[in-house]
Amino acid sequence: MKTGLGATIIRAGRRLLSSLPALFGVLVFTFLLMRVLPGDPAVFFASGPNAGKEEIEQIRKQMGLNKSVPEQLVFYLSDIGHGNLGRSMMTGQPVLKDLRERLPASLELTFTALLIALIAAVPLGVVAALRPGSIVDHSVRLFCALGVCVPTFVSGLLLIYVFYYLLGLSPDPTGRIDVFTSLPPQHTGFLSIDFLLAGDLEGWWAACKQLILPAVSMALFVIAPLARITRASMLVSLGSDFVRTARSVGLSWRKVVVTYALRNAILPVITIAGIVFSTMLGANVLVEKVFSWPGVASYALDALLSSDYAPVQGFVLLMASLFVLVNLVVDICYGIADPRVSIE
Amino acid sequence: MRFVSFRSATTILATTALLLIATAPSHAQSRAETLRYVTGASVNTLDPNIPGATRESFGLSMSTYDRLVSFGRKQLNGKWVFDLDTINGELAESYDVSPDGLKITFRLRKDAKFQDGSPVTADDVKWSLDRCVTAPILGKAQLLTGSLTSADQFKVIDPLTIEVTLPKPDKLALPNLATVYPMIINSKMAKEHATADDPWAMAWLKEHTAGSGAYVVESFKPGEQVTLKRNEAWNRGSPNRPAFFKRIIVQSVPEPATRANLVERGDADIVLDLQASDVQSLEAKGKLKVVSTPQYNAITYVSMNNQIPPFDNVNVRRAIAFALPYEDMFKAALFGRGMPLYGASWPDGKPLNGIYPFQQPVKLDLDKAKEYLKAAGFPEGFSTTFSFNVGWASQAEPMAALIKESLGKIGIKVDIQKLPDAQMSTLINEKKLPFFTEGIVAWLPSTDYFYRNFYTGNQRWNYSSINNPDLAAIAQGARFEPDKAKYEEAGRKLNAMHFDLMPQIMLWQPNQDAVMAATVEGYTYEFHRQVDYRNLSRK
């Protein structure tokens, strides 16, 4: 039996290795799927007022579509091997560059939203579980139901309407930073961190202000599953023997609820948080659209609508890799929350 | 441990506050001198010639590059629009067309300089025009419509004179040189970045500008934002004066409601692509300036594929033309914002003039439609699909529903098919859609140009797939017709044929609604349908 850090690393490494075939499958599957979808990107992009057959052929050649599908797949795989994800017709940039610029924006938004959601959901769930069936429990349930019922773009537009249009409290909802603010030197791509590194507090505050509304509208949507899971698992844990024992020996309320009950109840919450995070990253396209957030999801959607193969393939690959990573992190978090998990 | 002592923290705070106060007025000043333009689309290349370039890239290139000549402007119903018949010099100080119409000589401005300070010479002009007709780029197909096809046609006479030779006296040669593509590039700079594989520096010019235009690209984030800085040396607009705005910010904001909010709150200065409903409510509030121009070089159609049964039968097409609920569609799709192309009355049954597009004498008349359907041999009607693309859904969805309802009354069962944009263009190109709605734009809207490009040949823009040798011959003949009266006559013939054959149904010319801050002036509707930043100023 191995315990501690070593075991965790070995487990993580094994996990990573076993996910490689899955990644490869995703790669080939997306590639084939894009080719099967109806719609010829060359025709779509040859849309100048005089674009004729010649232009369409030209674009086809540029995108490598004049070759047979197996040939294209071989070229594609060898390109991926060289770290080249191809070029987007839409933005005219290498996909890798686009994703590298846009991923931090999506991650920053998703992390913030998840943080807000967790900060709100865990206490809500705990409070609801402590008084099941009470007014508090019902109001938490109502709040969660409302959050889930309202689609993110509706809550986004409502938040914009109230805080930007009516009250003028928040800055205009156009991307990560006010157009008149100059950007900090890029280190991490996370504006809130880069501004701090540059020591520009004013810029940091400006970036945070831009972040609040989209993050809140995303968080509203995911508070429900997190709070419900917290409540359910807290109920189980509060009703279990060890909590009864802890209570009976007269431990403080805080110790009983936070240290014993919550720590045991948090495992499913971490699992759900991991899943929620991955879903949010891909599914926050509506929020990105409403707030003109230059993230990867809206990028992929635009690409999909115009049958721009390379960005969609790059995006799916990125998402698959992130999913693997998130699962890994969740595993490691398990180990920390519950050392028994590390035992093999 | 304390990282910052209390005293130094207060000092920093105080300094920041002081700085803020000190910079506040200049910030306000620079805001007035900055134009923030928001759009749902985005710029994807700095060279509009690259295949796949977006319309937003076309608009941008008008300000970053100069051309030899440019279109003048005229007033149409009190609104400024581009004028195809007035060609002004831009980099050319003057030009002469030889009496036989076969030679155009351009004399360049002596004071014209590229943004790097080097003078604009005839060699640069030749290189740029050669590139346009030789390299595999978009300009090639465009210049072809003006009989400009080979590098041999451009000759350098002296460093400031260039001569263009034409095989035929083509009316569209000169206007073609004012379009987006034949921009004049700093050839020395471009050649430095050319490679053996890429002799026309396409890869480099996609990401860099080497022009003499009114604005210099300061930053370019494809798909997000472009910022431009004024070129102080540029004086092609008005003598000795650069463009008005010191800075231009072109920003992509995908959500139309957000664009409407931005311009209403005064955070954005101008926007073109709002939803018709938003334009109407903003106009009603009266705080902003709304300039609505019918896009007189654009047309929205209901198209029928003339080769696919039952639409190969002219009476079926006529029946459809009399069964569309035009007025309701116009209101539902566009809120009535545009120029209708239906409901004319032709007292003697002949076209009123030879200009295309024109109003056809069609209106909703179900009895007449039923008669045509009977004559076509479909008294009981038939089933078909009506397609439109997702990108157009806000307009096309209500239209499709109304068409379905109305055609149902004469027994035609319509299934509505909503297609992703790329799929729609593919199906149109492959001529597989029987019945659909689409739009067209012509940069150089003359009657023969419309008929040649949109009603002949087995090519994508011939939506109706009409193949009528007589129509094609008249349109081809009109192209080189120098006599105005004869040209008009040919136009009348074509229009009469259009109504008779009814290959597709012209619905309307949608308005372009430019919504701008009350202080913004000088907006002109341009052939490329984008904002030309050089036209604008602030009161």
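What follows is a walk through a predicted model, from the outline of chain A to its partner chain B. Residues are numbered from 1 along each chain as its sequence is written, and chains are lettered from A, with ligands numbered from 1, in the order in which they are written. Local features need pLDDT of at least 70 and side-chain atom pairs count only at pLDDT 80 or more, while totals for chains, interfaces and linings use all residues.

Let us begin with chain A as a whole. Its secondary structure comes to 14 helices and zero strands, where helices (H or I, at least four residues) and strands (E, at least two) are DSSP runs numbered from the N terminus. Along its principal axes, the C-alpha trace of chain A spans about 85 × 60 × 40 Å. Of the 344 residues in chain A, 42% are buried. Here a residue is buried if 20 or more other C-beta atoms lie within 10 Å of its own, exposed if 12 or fewer, and partly exposed in between, with C-beta atoms placed from the backbone. Contacts (C-beta atoms, placed from the backbone, within 7 Å) often link distant parts of the sequence: among those in chain A between residues at least 6 apart, 72% join residues at least 24 apart.

Chain A is divided into domain 1 (4–74) and domain 2 (95–337), with bounds that come from an automatic or database domain assignment. The C-alpha centres of domain 1 and domain 2 of chain A lie 29 Å apart. Their contact takes 16 residues from domain 1 of chain A and 15 residues from domain 2 of chain A. On the domain 1 side, helix H1 (4–36) and helix H2 (41–45) of chain A are the elements that give two or more residues, and H1(A) supplies the largest share, twelve residues. By class, this side of domain 1 has ten nonpolar, four polar and two charged residues; Ala, Val, Leu, Ile, Met, Phe, Trp, Tyr, Cys and Pro count as nonpolar, Asp, Glu, Lys and Arg as charged, and the others, Gly among them, as polar.

Helix H4 (residues 69–81) of chain A is a good next stop. Its 13 residues reach 18 Å from first C-alpha to last, close to the 18 Å expected at 1.5 Å a residue; the expected span is 1.5 Å times one less than the number of residues. A:Phe75 lies in this helix, and is partly exposed because 13 other C-beta atoms are within 10 Å. The C-alpha atoms of A:Phe75 and A:Gly64, eleven residues apart along the chain, are separated by 9.1 Å. After H4(A) comes A:Gly83, whose phi is positive, near 75°.

Now turn to where the chains meet: 41 residues of chain A are in contact with 39 residues of chain B. On the chain A side, the elements giving two or more residues are H2, helix H3 (53–62), helix H7 (152–166), helix H12 (285–290) and helix H13 (296–305) of chain A. H3(A) gives the most, with six residues. This side of chain A divides into 20 nonpolar, 15 polar and six charged residues.

H7(A) deserves a pause. There is a kink of about 25° in H7(A), centred on A:Ile160, the bend being the angle between axes fitted to the seven residues ending at a residue and the seven starting there. Among the buried residues of H7(A) are A:Ser155, A:Leu159 and A:Ile160. The buried residues of H7(A) pack against helix H9 (201–238) and H12 of chain A together with helix H8 (256–264) of chain B. A:Gly168, with a positive phi near 70°, follows H7(A).

Finally, look inside chain B. The largest nonpolar core (buried Ala, Val, Leu, Ile, Met, Phe, Trp, Tyr and Cys residues joined through C-beta atoms within 7 Å) has 107 residues, and those with the most contacts inside it are B:Ile248 and B:Ile270. Helix H3 (residues 122–134) of chain B gives the most to this core, with six residues. Apart from it lies another core, of 78 residues, including A:Leu191 and A:Leu286.

Chain B also has some notable backbone geometry. The peptide bond from B:Pro309 to B:Pro310 is cis, with omega near 0°, and B:Pro310 sits in the loop between strand E13 (298–304) and helix H10 (314–321) of chain B. B:Phe335 has a positive phi near 55° without being a glycine, and lies in the loop between helix H11 (326–334) and E14 of chain B.

Notes. Contact = placed C-beta atoms within 7 Å.
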